[in-house]
Amino acid sequence: MPHKIEKMVIFIDDRPIRIVKKKELGAIPSKEDFDLVLDARLSPLKVENFSGHTCIINASIEQVEKMLMNLHAKSGIHFHALYIIVEDRKTYKSRIIKMYSLVEAAGGVVVNQQQEVLWMFRLGKWDLPKGKLEKNESFKSAAVREVEEECNVKATLQSKLCTTYHTYTHKNQRVLKRTKWYMMKTDQKGKLIAQKEENIEKVEWLTQTQMSKNAITDTYSSIRYVIQRF
């Protein structure tokens, strides 16, 4: 599957919905790359018929909006990932964001001197430190603050890694959380302290092998996406 193209990725019910510019993927998506290719001009976009890695071409923004709402509303959906190929990603991205109440957040992939990565275990899943921006706070400042608050680790920013979008419902309102992720480093050797009030059960440094065996298989799709870019 194509996976190196930087794109807008929205996670709905832990499934990645990728908005990809046509010129980045090629004029005609190959059926060898996807389990199902649908031309929105020729067939209706019924989400219950999506399977495996589904690719949609020639969909209007109105069709995409309706399809996303159907994904939220319907159960019994079994596809793995969705690729929506568009000419102008900026326009689609702007319209999609307006469908939700937007929440801004930031997080970090923190590496220590032993090249281990900082992970947290929260609500039955492995996760990376992240959190919502405070009033008038920058994404970079929020990422550093959240790492320290959630894990008791002082880290320094290295570079921007990627941005993820995931949806959830709060007080009967659909929310889109946009999280900017940063590469971070630390020389700190102090004790890791989990922020219990945020339901964090434990905080650990994991090696690449430990990540592959444990965390990567027991985390959210959006977190796997971040680690793939790392």
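In this predicted model, Ile61 counts as buried, because its relative accessibility is 10% and the limit for a buried residue is under 20%. The place of Ile61 is in helix H2, and, when neighbours within four places in sequence are left aside, the residue is in contact with Tyr92 and Arg95. Ile61 is separated from Ala105 by 44 residues in sequence, and the C-alpha atoms of the two are 26 Å apart in space.

The contacts of Ile61 belong to the meeting of two helices, H2, which covers residues 61-73, and H3, which covers residues 89-97. The axes of these helices come within 10 Å and cross at roughly 40 degrees, an angle that makes H2 oblique to H3, and the crossing is right-handed. On the side of H2 the residues involved are Ile61, Glu62, Val64, Glu65 and Leu68, which meet Tyr92, Arg95 and Ile96 in H3. Sorted by character, the residues of this contact comprise 5 nonpolar and 3 charged ones, with no polar residue in the set. Tyr92, from the H3 side, is 121 residues away in sequence from Lys213, and the distance between their C-alpha atoms is 37 Å. Lys213 itself is found in helix H5, residues 208-215, where the residue is exposed, with a relative accessible area of 63%.

Aromatic rings form a further set of contacts, and the structure holds 4 aromatic pairs. In one of these, the rings of Phe34 and Tyr83 have centres 5.0 Å apart and planes at 70 degrees, and the pair is therefore edge-to-face, the limit for that class being over 60 degrees. This pair links distant parts of the chain, since Phe34 lies in the loop between helix H1 (22-25) and strand S3 (36-39), whereas Tyr83 lies in strand S5 (residues 81-86), 49 residues apart. Both Phe34 and Tyr83 are buried. Another pair is made by Phe121 and Trp126, whose ring centres are 5.2 Å apart and whose planes stand at 70 degrees, so that this pair too is edge-to-face. Phe121 counts as buried at 15% relative accessibility, and Trp126 is likewise buried, with a relative accessible area of 7%.

A charged residue is also found among the buried positions, namely Glu146, which lies in helix H4, residues 139-151. The relative accessible area of Glu146 is 8%, and the residue is therefore classed as buried. Apart from its neighbours within four places in sequence, Glu146 is in contact with Ala106, Lys130, Gly131, Lys132 and Cys151.

Two loop residues are notable for their backbone angles. Asp14, placed in the loop between strand S1 (8-12) and strand S2 (15-21), has a phi near 70 degrees, a positive value in a residue other than glycine. With a relative accessibility of 33%, Asp14 counts as partly exposed. Asn58, found in the loop between strand S4 (53-57) and H2, has a positive phi of about 60 degrees although it is not a glycine. The relative accessible area of Asn58 is 30%, and this residue is partly exposed.

Definitions and conventions: Residues numbered from 1 in each chain as written. Predicted model: local features only at pLDDT ≥ 70, side-chain atom pairs only at ≥ 80, totals over all residues. Heavy atoms only, no water. Axes fitted to C-alpha atoms, helices over the stretch in contact; angles between N-to-C directions. Helix = DSSP H or I, 4+ residues; strand = E, 2+ residues; numbered from the N terminus. Parallel < 35°, antiparallel > 145°, perpendicular 65-115°, else oblique. Left-handed = near helix turned anticlockwise from the far one by under 90°. Contact = heavy atoms within 4.5 Å. Phe/Tyr/Trp six-rings, centres within 6.5 Å; stacked < 30°, edge-to-face > 60°. Buried < 20%, exposed > 50% of the residue type's maximum accessible area, 1.4 Å probe, protein only.
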